[in-house]
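User: Got a minute to go through this model with me? I'd like to start with the annotated spot and then work outwards.
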Amino acid sequence: MENNATDATTQTAIFAGGCFWCMEPVFDKMPGVLSVLPGYTGGTTPNPSYREVCEGETGHVEAVQIVFDPARVSYRELLQVFWRNIDPTTKNRQFCDYGSQYQTAVFYLDEQQKREAEESREEAERSNQLGAAVVTQILPASQFYPAEEYHRQYYKKEPYHYQRYHDGCGRNWRLKELWGREPE
């Protein structure tokens, strides 16, 4: 699959980091990131709904599709932020969310992204404070299905509910345990 760029000056990255609500604000605030779209990818069911994905039978994971300006932020920088905001040592779970739809993965769009993702995974394995094996997969990108409108920018639409969920899941505590500092 070719790099899914929207034009000659942008590129696309796709990351599955557990709940897409929590991955969206991480990348939204980065200079050079033009858009972050939550959705579903990696499975076999066409046009899945949130409910179908949550049932765990579609093969899809919750993910974010990031359109970025490579002149302002590199794919490698996006990868660094991705790793520091997930627990790559746990399969089919992220923090308080359980199920195959929460498995972490990097979906590469070309061979350069694949190479950089593999190198960054090795670095994450060496640098996590627990010395634990990294189970995050590096996979070829497949069809990405945007999530329903009410999921988009959820942290802005429902800030109180989002913050309670985020804090209640223990994300920051676990990320500090893994990486030795608060998430980026």
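User: Which residue does the UniProt "active site" annotation cover?
Analyst: The annotation, from an unreviewed entry, covers Cys19. Keep in mind that this is a predicted model.

User: Where does Cys19 lie?
Analyst: Cys19 lies in the loop between β1 and α1, with α1 spanning 20-28.

User: Is Cys19 buried or exposed?
Analyst: Buried. Its relative accessibility is 6%, and the cut-off for buried is under 20%, so Cys19 counts as buried.

User: What does Cys19 touch, leaving out residues up to four places away in sequence?
Analyst: Cys19 touches Glu62, Asp97, Tyr102 and Tyr165. Glu62 belongs to one face of β3, together with Val64, Ile66 and Phe68, and those residues are all buried.

User: What about the other side of β3?
Analyst: That side has Val61, Ala63, Gln65 and Val67, all buried too, so both faces of β3 are covered. In numbers, 8 of the 8 residues in β3 are buried.

User: Switching to the sheet: what's the strand order?
Analyst: The order is β7-β6-β1-β3-β2-β8, an open sheet of 6 strands with mixed pairing. β7 (137-140) and β8 (144-146) stand at the edges with a single partner strand each, so one side of each is left without a neighbour in the sheet. From one strand to the next, the twist averages 35 degrees.

User: How do β2 and β3 pair?
Analyst: They pair in the antiparallel sense, over 8 bridges. Val33, for example, stands opposite Phe68 in β3.

User: And how many bridges join β1 to β3?
Analyst: There are 5, and those two strands run antiparallel. Ile14 has Gln65 as its bridge partner in β3.

User: What is the partner of Ile14 in β6?
Analyst: In β6 the bridge partner of Ile14 is Phe107. β1 (residues 11-16) and β6 (residues 105-108) run antiparallel and are joined by 3 bridges.

User: Which strands does helix α3 touch?
Analyst: Helix α3 (residues 75-83) packs on the sheet and touches β1, β2 (33-41), β3 (61-68) and β6. The direction of α3 makes about 15 degrees with that of β1.

User: Last one: what domain does UniProt list, and which residues does it cover?
Analyst: The unreviewed entry lists "Peptide methionine sulphoxide reductase MsrA" as a domain covering residues 12-163. That span is 32% helix and 24% strand, and its end C-alpha atoms lie 27 Å apart.

Conventions: Residues are numbered from 1 along each chain as its sequence is written. This is a predicted model: local features need pLDDT of at least 70, side-chain atom pairs count only at pLDDT 80 or more; totals for chains, interfaces and linings use all residues. Side-chain values use heavy atoms; hydrogens and water are left out. Two strands pair if DSSP finds at least two bridges between them. Helices (H or I, at least four residues) and strands (E, at least two) are DSSP runs, numbered from the N terminus. Axes are lines fitted to C-alpha atoms, for helices over the stretch in contact, and angles run from 0 to 180 degrees between N-to-C directions. Contact means heavy atoms within 4.5 Å. UniProt positions are given in the numbering used here, feature names are shortened, and annotations may be inferred rather than shown by experiment. Buried means under 20% relative accessible area, exposed over 50%, partly exposed in between (1.4 Å probe, protein chains only).
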